[in-house]
Every structure is written in structure tokens, then in C-alpha cells.
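Please open the model in your viewer and keep the selection tool at hand, since each stop below names what to select and then says what is there.

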Amino acid sequence: MSLELIATILGGLTIGSALMVVISKHPVRSVLYLVLTFFMISANYVLMNAQFLAIVNIIVYAGAIMVLFLFVLMLLNLSKENEPKTSLFVKLAAVVTGGLLFVVLIAAFKDGVIVAQTAGIDGNDQGLVQNLGQLLFSKYVVPFEVSSVLFIASMVGAILLAKREKQTID
Amino acid sequence: MATSELIEKFVFIFILFAVTLGIAAYATYFERKVAAWFQDRIGPDRAGPFGILQPLADGAKLFVKEDFIPERAEKWLFILGPGIAMFTALMTGSVIPWGKDLDLFGQSVQLQVADVNIGILFIMGFLSIGVYGIMIGGWASNNKYSLYGAIRASSQMISYELAMGICVITIVMLSGSLSLRNIVEEQHGMNWNIFYQPLGFIIFFVCALAETNRAPFDLPECESELIGGYHTEYGSMKMGFYLFAEYVALFTSSAVISVLFFGGYNFPGMDYFSGNTLALLGVLAMFTKTFFFVFVFMWIRWTLPRFRFDQLMHLGWKSLIPISLFNLLITAIIIAIKEGWFN
């Protein structure tokens, strides 16, 4: 089986599971399909020999963020009866904005060049952890540090918000 | 990849699968014997000599029980839950190096399914995926006690993953590699990480107890509060899968502890041997260490009482994470001094 065939099948599965996120009736099922989509994306990364990115994607998105999503959804009593009623106008507006976004995305990607190579083609090993680390701490060290400052700021913000909430309860 | 290599990997995966399941099955027998020993009883002794056929009897019992699915459960997710739990528990074994390379029929056979260069992250990843088996099972049962168990399990596992991850980072800083084989090779000659990271080991061990839902952190299956826990609605072999997955996870996490902190397949005086003898003795050393930690897990289960849930959260967030961060900082400073950054 050639790499192109695998890539095509994988791409199809990725899009399929991403579509199932939108189509599924039940929110919990949507989240589970989203987890599956993250796995598919990770598989695509592995195909491009970016193992580090693949596993970090699983740990961060599938392992932490999606668990919290699932956590919240399981605690909400989601059923047909207490589903919030949306008017026809809101539905129409959602369809139009979604469609516009779709058009913009197509316009942006239609001339896109496929930059990433699949594994095994002319020694593409940029995604391996050694090379990625070298690149992050030399060429891209400023963006890397800036993003870490951003993360710390958001962490401090989250803790502050949680603290204030507690004081009002007391 | 050559066909011979494919066959070699296939055979090795099959052996590893069989050995892991066999050990998990006998861990249940061993657990009962250890419990009996701690409580001054005899333990199972009816099935076969010394009761060694007890796991088979248990398995047969679980198989012939009625396979029941509650009427208001989410059918497919209810079936999927135990499967995911088992799958994630088994997958972690695939990156663990079980020994040095063996020479068989003129070919060098690697005693590891995949030597990926992100081995330890792979284990952390599957650990964090493991919670889905419990969450999906608990939610799909459509039972409030199952949901409580599932929620307890997931919040507990997310909390303890952090401290565990920080301990892993310190180990990675010492070894300079994410590959488990390199981490083991770095510890050659009694340079076991336990001597450099005693604090890290204790934190990692406590976190491993919490991640495998073992006592004293077995709140997800707290019989006195939740009837059964996340598997209240389960019966037959689906229930068996959940219980079994716990023992598989017990075995693999013991293996990970011995790889990260106790030198894996290294043993004192290994430089006097070479070739296949060394490889086989290495495998023996690896399994001895692993079994020792399986025993320690059981020892703790039958010694300590269960924590309260708020105590569990306090321990995780307010003690283990700050201590492990402190440990990380000290390790970083010592490495920096050794590398001569302050000269």
C-alpha cells in the first residue's frame, strides 16, 4: 500500500469524523467524534513524521481539553424537552455566517501549496523532537517565549476568576 | 520494512499480549493471596493446588453470566466503554523496553514493540486517554452512581496527571531523551534515577496509585458510597474487562516505574555477561522489578484506608504539584551548575 493511498484514506476518515461532529444529534456524541477527529489529525502528523506534534496533540486536546468538555456536558441535563428554542431568524443568520466562513476558507486554501511531506520522502525529519527543539530554542525563541508569557497570564487570570467566585459564596 | 521484520514484530506483539493478559489474570489471584496473608486468612485454595486455577474459574464465571445492557443506557457507548479501558491499558506496554536485543537465528531481535523517540510521552498520552473508558462507561449506564464514579475518576486522573508529568520532565532532563530505551541505557552501571530523584520517585508512585485507581485512591469504585462506582450497571465480561484493565494498568505502570527509576533491564554486575545470557538476565531483572512493584501496590491497598475525596484533591493540587515543581527547579539548577552555566 503506497503512502499516497494511506494519506487519502486517512484524509477521508478525518473529514468524515469532523462532519460527524456537526451532524450528531447528541452533544456528548459530538464531543466523542471530536476526540476521534483529534486522533485522526494526530495520525496525519505521524504520516508527516511529526511524532512529537502528534502525541502532544493527543495529550493536550484529546487527553485534557476534551475531557473537560465531556465533563461539563455529562453534568448538564441535555434532553429534547429543555433544549433552548431558537427562532428562525437566528438559524438563518447562523447558516449565512457559516456559509461565508466556508467561502473565505475555500478562497484562502484553494491556491495553497502542500508544504508538509509524508514520512520517508527525502529524509523529512523536521518534526522529530530533537530538530523541533533546536528550531524552537534558536530560530523561534522569541515567539516561543511570548506564547509562554501569554499562557502564564491566562493561568493567572483563571485563578483570579476562580478565587473571586469563592469569596462571594462565602 | 522487510517481511521477516514484520513477522518478528507480530510474534513479539502476540507474546507480549499473551504475557500481559496472563500476568493480569494471575495478579487477581496474587491480590487475593496477599490480602489473605495480610488479614491472616488462607485465601483461595479450592480450584487446583493452592488455588492456582482460581483466575480460570473467575473468567469462566464472568463469561457464563448474563450479558445485560440496561434498557435506558446508550447501547453502543455502553459496549465501547470497557473496550477503550482495556485498549488503553494494553497500549502502554508497546513502548516499554523489556530487555536488550536478543540474537535469534542470526538475527537481532529487539525486545520492544516500537522504539519511538517520544516513548514516555506516548505513555502519558495513553494514560490521559484511559479516562475515556471510565467516563463513557459511567455516563452511558444512565445511572447517577455510575456518573458520580466516572466524574470522580476523571477529575482524579486529570489532577494527578500534572504532578506525574512534572516528575517525568525531571527524568527527561536527567537523561536528555524522551525515548524509554535511551532512558534505560542512561541508567547503566547503577546510575539508577532513584538515587538522583528520590522525591520524584515518591511523587510519581503516589500519582501512579491515583492514575490506576488503586487504594487508597480508589474513590471511583467506592462501594460504601456509590454501590459499585462507574461499573455499577455492568455485568458479565464487560465488568470483567473493567476489572481486568485495572490489573493490566497495574502491571504496565509497575513496568514504567521500574524503567524510569530503577534502571529497567539493568542489574548490578551486568558487565560480566554478554550476548543472549545478558539479554535474558535483563528481561528477568526487568520482570523481578515489575513484580516487586505490583506487590508494593497490593501491599498499600491492604494497608491504607481510602482517602476522602477532598483530601485526595488537596493532596494532588496543594502538596504534590508544588513539591514536584520544587523538585524540578532544584534538578534544573543542579544540572545548570554541572554544565558550568554559572562559571
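Begin in chain B of this predicted model by selecting helix α8 (residues 198-211) together with α10(B), whose axes come within 11 Å of each other and cross at roughly 165°. Angles over 145 degrees count as roughly antiparallel, and therefore α8(B) is described as roughly antiparallel to α10(B). The crossing of this pair is right-handed. To see the contact itself, show the side chains of B:Phe201, B:Phe204, B:Phe205, B:Ala208 and B:Glu211 on α8(B), and then add B:Ser253, B:Ile257 and B:Phe261 on α10(B). Sorted by class, the contact between α8(B) and α10(B) holds six nonpolar residues, one polar and one charged.

Stay with α10(B) and extend the selection to its full range, residues 236-261, a helix of 26 residues. From its first C-alpha to its last α10(B) reaches 38 Å, close to the 38 Å expected at 1.5 Å a residue. Is this helix mostly covered or mostly open? Of the 26 residues in α10(B), 23 are buried, and the helix is thus mostly covered. Just after α10(B), select B:Gly263, which takes a positive phi of about 75°.

Next, return to B:Phe201 and select B:Lys318 with it: the two lie 117 residues apart along the chain, and their C-alpha atoms are separated by 18 Å. B:Lys318 sits in helix α12 (residues 309-338) of chain B. Why does B:Lys318 count as exposed? The residue has 10 C-beta neighbours inside 10 Å, and a residue is exposed if that number is 12 or fewer, so B:Lys318 falls in the exposed class.

With α12(B) still selected, add α5(B), and look along the two axes, which are 9 Å apart and meet at an angle of about 10°. Because angles under 35 degrees count as roughly parallel, α5(B) is taken as roughly parallel to α12(B). In passing α12(B), α5(B) makes a left-handed crossing. The residues in the contact of α5(B) with α12(B) divide into 17 nonpolar, seven polar and one charged.

Two loop residues of chain B come next, and the backbone is what to look at. Most residues other than glycine have a negative phi. Select B:Asn142, found in the loop between α4 (119-140) and α5 (144-175) of chain B: its phi is near 60°, a positive value in a residue other than glycine. B:Asn142 counts as partly exposed because it has 15 C-beta neighbours inside 10 Å. Then move to B:Asp40, in the loop between α1 (3-38) and α2 (54-64) of chain B. B:Asp40 has a positive phi of about 55° although it is not a glycine. Is B:Asp40 buried or exposed? With 6 C-beta neighbours inside 10 Å, B:Asp40 counts as exposed.

Now display both chains and select the residues where they touch: the contact takes 17 residues from chain B and 15 residues from chain A. On the side of chain B that touches chain A, α4 and α5 of chain B each supply at least two residues. The largest share of that side, nine residues, comes from α4(B). By class, the side of chain B that touches chain A comprises 13 nonpolar residues, four polar and no charged ones.

Finally, isolate chain A, which has six helices and zero strands. Of the 170 residues in chain A, 14% are buried, and among contacts between residues at least 6 apart in sequence, 61% join residues at least 24 apart. For the last stop, select helix α1 (residues 3-23) and helix α2 (residues 27-47) of chain A, which pack at an angle of about 160° with their axes 8 Å apart. This angle makes α1(A) roughly antiparallel to α2(A), and their crossing is left-handed. Among the residues making the contact are A:Ile6, A:Leu10, A:Leu13 and A:Ser17 of α1(A), and A:Tyr33, A:Leu34, A:Met40 and A:Leu47 of α2(A). In the contact of α1(A) with α2(A), 14 residues are nonpolar, five are polar and none is charged.

Note on methods: Residues numbered from 1 in each chain as written. Chains lettered and ligands numbered in written order. Predicted model: local features only at pLDDT ≥ 70, side-chain atom pairs only at ≥ 80, totals over all residues. Helix = DSSP H or I, 4+ residues; strand = E, 2+ residues; numbered from the N terminus. Buried ≥ 20, exposed ≤ 12 C-beta atoms within 10 Å, placed from the backbone. Contact = placed C-beta atoms within 7 Å. Nonpolar A, V, L, I, M, F, W, Y, C, P; charged D, E, K, R; others polar. Axes fitted to C-alpha atoms, helices over the stretch in contact; angles between N-to-C directions. Parallel < 35°, antiparallel > 145°, perpendicular 65-115°, else oblique. Left-handed = near helix turned anticlockwise from the far one by under 90°. Expected span 1.5 Å × (residues − 1).
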